[in-house]
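Work through the exercises below with the coordinates open. Each task is followed by a solution in steps.

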Amino acid sequence: MAQYIIIGAGISGLSAARLLKEQGEEVLILERASKPGGLIKCDIVDGHLFHRVGGHVFNTKIQKVKDWFWKHFDRNNEFISATRQAGIYLHNRYLSYPLENNLYKFDEDTVKAIVSELLELEKVGKRKFSNFEDFLKGNFGETLYNIYFKPYNEKIWKTDLSKVALPWLDGKLPMPDHKEIITSNILRKEETNMVHSSFFYPYKSGSQFIADRLSEDIEITYNIEVESLEYKNKHWIVNSEFEAENIIYTGDIRKLHDFIKLMSSSLKNRMEQVKELKSNGTSNLLCTTDDTTYSWLYLPDKDIPSHRIIYTGNFSKTNYPEGQRKSCTVEFSGNTPLEEMKKTISKLPGNLEIVDHNYEPNSYVIQQNGDRDKIKSLKKELAEYNFHLVGRFAEWEYFNMDKAIESAMNTVAAILKQNS
Ligand SMILES: Cc1cc2nc3c(=O)[nH]c(=O)nc-3n(C[C@H](O)[C@H](O)[C@H](O)COP(=O)(O)OP(=O)(O)OC[C@H]3O[C@@H](n4cnc5c(N)ncnc54)[C@H](O)[C@@H]3O)c2cc1C
């Protein structure tokens, strides 16, 4: 019997496993796929690196995550340090990112409308917002909202933005200062300090490199879908086959209701309450492209169903065959039919040619008001049974890799303290 079974070999499960192993604990990971990585998995297709769920880069401001992460990698020799060159492709022309620093490129009437709205908002001062739509309108004004923020975000979230909660987007959103926007436009200053404005990228194998390294020396059973979890005599029995004292679950919180047998009625209730949480999948096209200097390009236009192109060929020269065209990943939210994706790329710059495509059913979690409290109570009650929720889909948080690692660190520290 293992002391710990971890369900899922994505970045959360791998980090938790390593952290436990570093403390001398016995760990077994069960993973339904045939290799580690989850959302960060990549494959090589015709010599091109394909981030199956969209291009992934690494950075973090969390010191303990930085310290732990770089203990496992050689930052100078195994990673490339890059500065983001983000762009926006709007109405067939390129603008730099963030859009609000490019107002001087709009026509006079639009600039007047945006500036007068920003000045009005400045007069109103700081306010609290209850949903994503109000936040965007209340920070950038109606005109910028309608030109960019609404169409772009509606493409990703595929939902009414007024239903999207705010707290979980913390740290992911641009927090504008109206004076700074106007100053940046007069001085024509570019952004430097936003999320992922600089990042690290593995020299070889993209984010799969991170998953492969973290999985070294960890016992992982692949190709096994966990479908049942039973709690008996203070032990967990997984798929009637594996036994452990502690479970760390990094899969989909909505599935727990179907998996877990014989729990208290209050727990059943709590699991029932999170059954209907909303999420989106992502469809990705791997394409070859003409050369560009961009790292990625945002696509707010309504008539272009994709929301982003990630120029992965620019991240590392090992990401495409030597002497050939570079590659990029074109990202669509939801399950987009291949025919629609093919039509879309004819509207995009770069003479894109398709190499491969992929659909991942679960990639963007959507948190609505009230969801966080439900998850918090469930998490707390499950922890009493030595069952811990960690990661993007288990905690239903819009985590980047660093937040997933941080959560694994906090959970492992708490478990070890409780068990000592
Ligand atoms: C399009 C996109 C772009 C992103 N870009 C970045 C970026 O540039 N930088 C960044 O830091 N973050 C990025 N992220 C976020 C990042 O992908 C996530 O934070 C991270 O990968 C989440 O890892 P996880 O382990 O929590 O979940 P997952 O990666 O989903 O891992 C869960 C694992 O559990 C397995 N599993 C689930 N259920 C079961 C079961 N019942 N039985 C067995 N196995 C199971 C799954 O197969 C999977 O391998 C991006 C996310 C998306 C969607």
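**Exercise 1. A histidine in a loop**

Task: Locate His307 and decide whether the residue is buried or exposed.

Solution. This is a predicted model. Start with the position: His307 sits in the loop between S15 and strand S16 (308–310). Next, take the relative accessible area of His307, which is 0%. The cut-off for buried is under 20%, so His307 is buried. Last, look for a partner. The side chain of His307 is in polar contact with the side chain of Glu331, at 2.9 Å.

**Exercise 2. Two aromatic pairs**

Task: Classify the ring pair Tyr94 and Tyr294, then the pair Tyr249 and Phe259, as stacked or edge-to-face.

Solution. The structure has 31 aromatic pairs. Take Tyr94 and Tyr294: the ring centres are 5.6 Å apart and the planes differ by 20 degrees. Planes under 30 degrees apart count as stacked, so this pair is stacked. Now place the two residues. Tyr94 belongs to strand S7 (residues 93–96). Tyr294 lies in the loop between strand S14 (278–289) and strand S15 (296–298). The pair thus links distant parts of the chain, 200 residues apart. Then check accessibility. Tyr94 is partly exposed at 40% relative accessible area, while Tyr294 is buried at 17%.

Turn to Tyr249 and Phe259. Their ring centres are 6.2 Å apart, and their planes meet at 85 degrees. Over 60 degrees counts as edge-to-face, so that is the class of this pair. Tyr249 is in strand S12 (residues 242–249), and Phe259 is in helix H8 (residues 256–259). The two are ten residues apart. Both count as buried: Tyr249 has 2% relative accessibility, and Phe259 has 9%.

Finish with a cluster. Phe58, Phe69, Trp70, Phe73, Phe79, Phe200 and Phe209 form one aromatic cluster.

**Exercise 3. Disulfide count**

Task: How many disulfides are there, and why is Cys42 not in one?

Solution. Recall the chemistry: a disulfide is a covalent bond between the sulfur atoms of two cysteines. The cut-off is a sulfur pair within 2.5 Å. For Cys42, the closest cysteine sulfur is in Cys328, 15 Å away, so the distance is too far for a bond. Cys42 is also buried, with 4% relative accessibility. Now test Cys287. The nearest cysteine sulfur is again that of Cys328, at 5.1 Å, and Cys287 is in no disulfide. Cys287 is buried, at 0% relative accessible area. The count is zero disulfides.

**Exercise 4. The ligand shell**

Task: Which residues come nearest to the ligand, and which polar atoms lie close to its oxygen atoms?

Solution. Begin with the shell. There are 34 residues around the ligand, and Ser12, Glu31, His56, Val57 and Phe399 come nearest. By class, the shell has 15 nonpolar, 13 polar and six charged residues. Helix H1 (11–22) and strand S18 (353–366) each contribute at least two residues to it.

Next, list polar atom distances to oxygen atoms of the ligand:

- Glu31, a polar side-chain atom: 2.6 Å.
- His56, a polar side-chain atom: 2.6 Å.
- Leu39, a polar backbone atom: 2.8 Å.

Then assess cover. On its own, the ligand has 1,000 Å² of accessible area, and the protein covers 94% of this.

How values were computed
Residues numbered from 1 in each chain as written. Predicted model: local features only at pLDDT ≥ 70, side-chain atom pairs only at ≥ 80, totals over all residues. Heavy atoms only, no water. Phe/Tyr/Trp six-rings, centres within 6.5 Å; stacked < 30°, edge-to-face > 60°. Helix = DSSP H or I, 4+ residues; strand = E, 2+ residues; numbered from the N terminus. Buried < 20%, exposed > 50% of the residue type's maximum accessible area, 1.4 Å probe, protein only. Near = heavy atom within 4 Å. Polar contact = N/O pair within 3.5 Å; in protein donor to acceptor, adjacent residues only side chain to side chain. Areas by Shrake-Rupley, 256 points an atom, 1.4 Å probe, with all protein chains shown as cover. Nonpolar A, V, L, I, M, F, W, Y, C, P; charged D, E, K, R; others polar.
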